[in-house]
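Visitor: I've got a structure open here. Can you walk me through what's inside?
Guide: Sure, let's look.

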Amino acid sequence: GRRGGGGEDETDDVFVSPVGNTSPQLRQLPVYRRSTSEECVEETLTRETIGYPRLREGLDFRTMGNQTAARVLEEVFYLNGMNILDPSTYVDQPGGWEFQGYEKEVVMFRKKMPSSPFDCLVGKGLIKLPPQQVYNSIRNPQLRFTYDNMLKELHIVKQISDGLFILHMHHETIHCFLKQTRDFCLLVSERLEPNKNLLIGTSVDIPECPPNPSISRAKVYCSGWIVEPRKVNNNLFSEITYLLQVDLGGGVPTALMNFIGKRQPLAIAYLRDYLMTSTLP
């Protein structure tokens with residue numbers, strides 16, 4: 001169970017509902033593009049610098065999805081000592097996670113690894129809606145535009161099985177009048193774990209999603225969303241953890257890298273704003 005105090009109730013007997021047959025019909029999804037122009041959009045920027053993760057002989061998509069989920073859960077385990085309802089726990093956490101700040105009701109952490117090209121970011125926040133409702137929104141590709149204003153286009157490249165697919169995303173940013181674009185080819189997996197739902201992804205290299213010569217192909221390592229039930233004063237809410245491990249690439253100004261490091265975890269707040277507004281009577 002979770003710690004008490006602060007109006008918090010135990011959640012041992014609360015489970016996120018199974019996904020069941022509520023998966024979006026990804027086979028029928030068209031290519032989605034942002035319909036409105038924006039003065040300035042930020043972007044998650046990466047570069048191709050490592051060989052993993054990519055498909056190797058003997059490693060199938062399902063196995064890779066399982067491994068990705070295990071690594072995501074292993075990484076966020078270090079943050080178990082942080083209680084979203086207790087600001088006194090908003091401090092550096094084990095595993096190298098440094099407290100970055102609290103903004104828009106999102107607690108932000110960052111891990112710096114000098115020997116790695118990847119920047120590791122985590123946001124944690126509370127959404128005052130039931131977990132299944134929040135999770136269904138996160139796993140709907142169309143709704144990503146509502147909380148990721150960096151995203152310009154996405155489409156499902158390959159539906160592997162229910163809850164397992166290849167997703168291509170195209171991001172664009174304008175910073176100091178310089179336009180930068182990156183794209184991602186991700187294996188996305190939906191998973192049910194005890195008392196939590198996950199939507200996780202990791203970069204893959206497959207023939208069906210070839211790089212565009214005019215766009216730098218980005219890399220993401222074992223990242224995604226975790227939705228857990230949280231009871232507060234007898235109300236069932238959703239505790240959200242968003243982990244992003246991304247290589248921002250060379251040639252990106254330090255100021256922009258730092259801005260992205262802060263902007264990405266705030267996706268929780270933008271998702272909350274959308275959901276709370278759209279569910280108002």
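Visitor: How many cavities of 30 Å³ or more are there?
Guide: Two, in this predicted model.

Visitor: How much space lies in the largest cavity?
Guide: About 360 Å³. It is lined by 26 residues, and Arg144, Leu167, Met169, Leu186 and Trp225 are the closest to its centre.

Visitor: Which strand gives the largest share of that lining?
Guide: Strand β6, with four residues. Others that supply at least two include β7, β8 and β11.

Visitor: What's the residue mix in the lining of the largest cavity?
Guide: 16 nonpolar, seven polar and three charged.

Visitor: And the second largest cavity, what volume?
Guide: About 30 Å³. Its lining includes Arg144, Tyr147, Asp148 and Arg263. By class, that lining has four nonpolar, one polar and three charged residues.

Visitor: Back to Trp225. What does it touch?
Guide: Leaving out residues up to four places away in sequence, Trp225 touches Ile138, Arg144, Tyr147, Ile240 and Leu271, among others.

Visitor: Which residues have the most contacts inside the largest nonpolar core?
Guide: Trp225 is one of them, along with Ile127, Val134, Ile138, Leu167, Ile240 and Leu271. That core has 34 residues. Helix α5 gives the most to it, five residues. Another core, of 17 residues, lies apart from it and includes Ala69 and Cys222.

Visitor: Switching to confidence. Where is it lowest, and where highest?
Guide: Strand β1 is lowest, at a mean pLDDT of 54, and strand β10 is highest, at 96. The chain averages 78.

Visitor: Which residues stay under 50?
Guide: Residues 8–30 do, and residues 35–58 do as well.

Notes: Residues are numbered from 1 along each chain as its sequence is written. This is a predicted model: local features need pLDDT of at least 70, side-chain atom pairs count only at pLDDT 80 or more; totals for chains, interfaces and linings use all residues. Side-chain values use heavy atoms; hydrogens and water are left out. A nonpolar core is a set of buried Ala, Val, Leu, Ile, Met, Phe, Trp, Tyr and Cys residues joined through side-chain atoms within 4.5 Å. Buried means under 20% relative accessible area, exposed over 50%, partly exposed in between (1.4 Å probe, protein chains only). Contact means heavy atoms within 4.5 Å. pLDDT is the predictor's confidence in each residue, from 0 to 100. On a 1 Å grid over the protein atoms alone, a cavity is a set of points where a 1.4 Å probe fits but cannot get out, and a pocket is an open set with protein on both sides within 12 Å along at least five of seven lines; lining residues have an atom within 4 Å of a point. Grid points are joined across faces, edges and corners, and a volume is the space filled by probe spheres set on the points. Ala, Val, Leu, Ile, Met, Phe, Trp, Tyr, Cys and Pro count as nonpolar, Asp, Glu, Lys and Arg as charged, and the others, Gly among them, as polar.
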